[in-house]
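Colleague: I'd love a close look at one part of this model, where two helices pack against each other. Could you walk me through that spot and then through a few other sites worth a visit?

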Amino acid sequence: MAAVPKVLLAPITVTPSKPLTPSHLKGLFWADVLHRATGHLAEVTYRYSHTTYHRTEQVLGFWEFLDRTEGDTDYHDATETEIGELYVRYRAQEDRPGAAALRPYAEAVEESGWVHPASERVLRLWSGHYERLGLYDPGLREHQPPGLGLEEMIDRLVAAGCGLDQRRWGGSVHLDLTRWGLPLRQIVTPDGRPNYLACALRELLVLAPRHDEVVFLYDRELAPDYRLLERLLGSADTVVRCVPIGRVPIGGRIVSARHGGWQDHTVDRLLAAVDDEHDVPAIRLGLRLYFIAMLGPGDQQSFRHDLLAKSCARAERLLDRAARDPKADSAELRADLSRYQHSHRYVDPYRLTSSLLARSRRTIDAGLLSEVFL
Amino acid sequence: MPAGAADRLIAAAAGRIRAARPDLVADLDLSSMAALEAARARIRDDDEGDEAVVVAVIRAPDLPRWIVETCVFALSLPADRADAWRRGFTRTLHLAGQPRHLGERFRFAHVAGDGSAGWTAPAPASDVLGLRRLLKTFAGERELRPHAPVTVRVPYPAQYHAGGGPARPPVHRDLYYATARVSVAEGLVHLNHLLAEAVLDGLVGPGDRLTLRPVPRLTGLERTFTAVRAETDVHRPHTLQAYAALTEEL
């Protein structure tokens, strides 16, 4: 029997500085269904380490801003929205703190896994959301340092001929895949600040070669960076699959969370609108039907509370039907899931979720729902 | 005394315009700093965008080696290319990159033996758009550092065209450059213009020795210079400062 393939699922984390918005939830549901479905056919590593990305300027700069402008503050009972409003203020500032101001924070992250209490609070609230939404928690509040230090990562890139380190002359560190016609990409600024790509490489350079397939789920706007990662990490032994996902417009506009405007679309608001009508399984399934099957991989449809409610009603009917249909055994479940693998090893969350709504599907297996969607 | 030095720098800057654009000299007043600035603005405005430009792809700009390779590149240019570049004031874009990664897609006129830098032949800016899209401007924000004098020798290229005539006997010059408030990237720009133009004018040739002498500022040395790179002073916007210079033969 062939060895069980190893699949790495490694999305970029959401910065813990604001409420989860519909765009974030869409990515989280796609990743969750992909992870749980593929887990029946392969050994899946779901790498989602906030520790890895705390070194980015968005995070460290926000922490420095909070301490500079808010002073000693108790964030223990703060809401996501309150912290998010501070983040919007931070991002609206024209002047950014320099590397020197961020250094104590960067060192604390590296040396002890320190997390600012405001982000600690946001992550605690998110853990609660994950639980309510039935999302697998890949270690939101765990200290999960990347496999390589920043310098080790740069050394490896340079040794592989894929890095250009010009810090000696006051230049940047670049990811250099120009030999394949891909543009030079700065990953560390001349004053030493790594961007998210540098942070990602600190874990991916170690993790990717240990897997047969690496799946990247990402915001379409980041596509150029993922083309670089695909080229860098793909090899004879490791296939890289790129799955871009469009954001969810609000009122016809795609706006980054750094600008705010999420007030009517936080997890609490979304759930408040459906909580009275449906039980937990119907809400969990309904959210997945909406964010995966109905919104799809594109970014054309704006978020609609009414369609989310309809999805929950539909989920209710599917759950009733599943209770009546015969339950599949594990071999049948695997056979069902494998239909959505196609040429790759991961299970396509969009096709799988859409299949629940297809007229051609003869039975709805309660096991499939509980294993993957609830 | 300061007035004398300032006048010599203005004369040097004017001389550079005369050498690059003899066609314009009759119409241009180059006698004062204000006139010089006006002349430069006019030349910029008249620029039709098709002036020859060189892309220098920089991997590791350690100055002694980079200075030698810059001279080798300039010596390798055929007369027509050299003339076009001189006319465009030896304009050069310094981009971060690794020339050896680019050889299959782009043609370089010269690549340093260790791959630390590479130069495209002078060509209209539209010819180097592909490279510019692929690479980024070389940041080089660190201030230049002083070091003990180092002497380098310009090698004899397999063939060279600049100067036209037969090789003259090698000479030895000092090459001074300013370090105070001058970044590595700015230093490359100044040295590139000085050396490229010196090669094209025959002041630097094969076999010549150059002793690199970094100093905070070139003040007080200008009487010994045979070629000087004069640009806006780091402290005073309407005054010139000498950023790099070659001395008379030693």
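Modeller: Happy to; we start with one helix pair in chain B and then move on to some sites in both chains. Please keep in mind that this is a predicted model.

The pair is helix H4 (residues 79-87) and helix H7 (residues 184-200) of chain B, whose axes come within 11 Å and cross at roughly 135°. That crossing angle makes H4(B) oblique to H7(B), and the crossing is left-handed. On the H4(B) side, the residues that meet the partner helix are Ala82(B), Trp85(B) and Arg86(B). Facing them from H7(B) are Asn192(B), Ala196(B), Glu197(B) and Leu200(B). Sorted by class, this contact has 4 nonpolar, 1 polar and 2 charged residues. The spacing in such lists is easy to follow, since an α-helix has 3.6 residues a turn, so residues three or four places apart point the same way.

Arg86(B) deserves a moment of its own. This residue of helix H4 of chain B counts as buried because its relative accessibility is 10%, under the 20% cut-off. Not counting residues up to four places away in sequence, Arg86(B) touches Glu197(B) and Leu200(B), and also Ala19(B), Ala20(B) and Asp201(B).

Two loops of chain B lead away from these helices. Thr90(B) sits in the loop between H4 and strand S2 (92-96), while Arg181(B) sits in the loop between strand S8 (172-178) and H7. Most residues other than glycine have a negative phi. Thr90(B), however, has a positive phi near 45°, and Arg181(B) has a positive phi of about 60°. Their surroundings are worth checking on screen: Thr90(B) is buried, with a relative accessible area of 0%, whereas Arg181(B) counts as exposed at 53%.

Now over to chain A, beginning with Trp63(A) in helix H3 (residues 57-70). Trp63(A) counts as buried, because its relative accessibility is 0%. Leaving aside neighbours within four places in sequence, Trp63(A) is in contact with His54(A), Tyr105(A), Val109(A), Trp114(A), Val115(A), His116(A) and Ser119(A). With Ser119(A) there is a polar contact, side chain to side chain, at 2.8 Å. Val115(A) is 52 residues from Trp63(A) in sequence, yet the two C-alpha atoms are 9.0 Å apart in space.

Another side-chain pair to look up involves Asp219(A), in strand S6 (residues 213-219) of chain A. Asp219(A) has a relative accessible area of 18% and is therefore buried. Its side chain makes a polar contact with the side chain of Arg247(A) at 2.5 Å. Beyond its neighbours within four places in sequence, Asp219(A) is in contact with Ile245(A) as well as Arg247(A).

Last comes helix H15 (residues 366-373) of chain A, where the buried residues are Gly367(A), Leu368(A), Leu369(A), Val372(A) and Phe373(A). The cover over these buried residues includes helices H1 (22-38), H11 (280-294), H12 (305-324), H13 (330-338) and H14 (349-355) of chain A. At the N-terminal end, H15(A) is capped by Asp365(A), with a side-chain oxygen 3.1 Å from the backbone nitrogen of Gly367(A). Gly367(A) thus appears twice here, as a buried residue of the helix and as the backbone partner of the cap.

Conventions: Residues are numbered from 1 along each chain as its sequence is written. Chains are lettered from A and ligands numbered from 1 in the order in which they are written. This is a predicted model: local features need pLDDT of at least 70, side-chain atom pairs count only at pLDDT 80 or more; totals for chains, interfaces and linings use all residues. Side-chain values use heavy atoms; hydrogens and water are left out. Helices (H or I, at least four residues) and strands (E, at least two) are DSSP runs, numbered from the N terminus. Buried means under 20% relative accessible area, exposed over 50%, partly exposed in between (1.4 Å probe, protein chains only). A polar contact is a pair of N or O atoms within 3.5 Å; within protein, one must be able to donate a hydrogen and the other to accept it, and residues adjacent in sequence count only if both atoms are side-chain atoms. Contact means heavy atoms within 4.5 Å. Axes are lines fitted to C-alpha atoms, for helices over the stretch in contact, and angles run from 0 to 180 degrees between N-to-C directions. Angles under 35 degrees count as roughly parallel, over 145 as roughly antiparallel, 65 to 115 as roughly perpendicular and the rest as oblique. A crossing is left-handed if the near helix is turned anticlockwise from the far one by less than a right angle, and right-handed if clockwise. Ala, Val, Leu, Ile, Met, Phe, Trp, Tyr, Cys and Pro count as nonpolar, Asp, Glu, Lys and Arg as charged, and the others, Gly among them, as polar.
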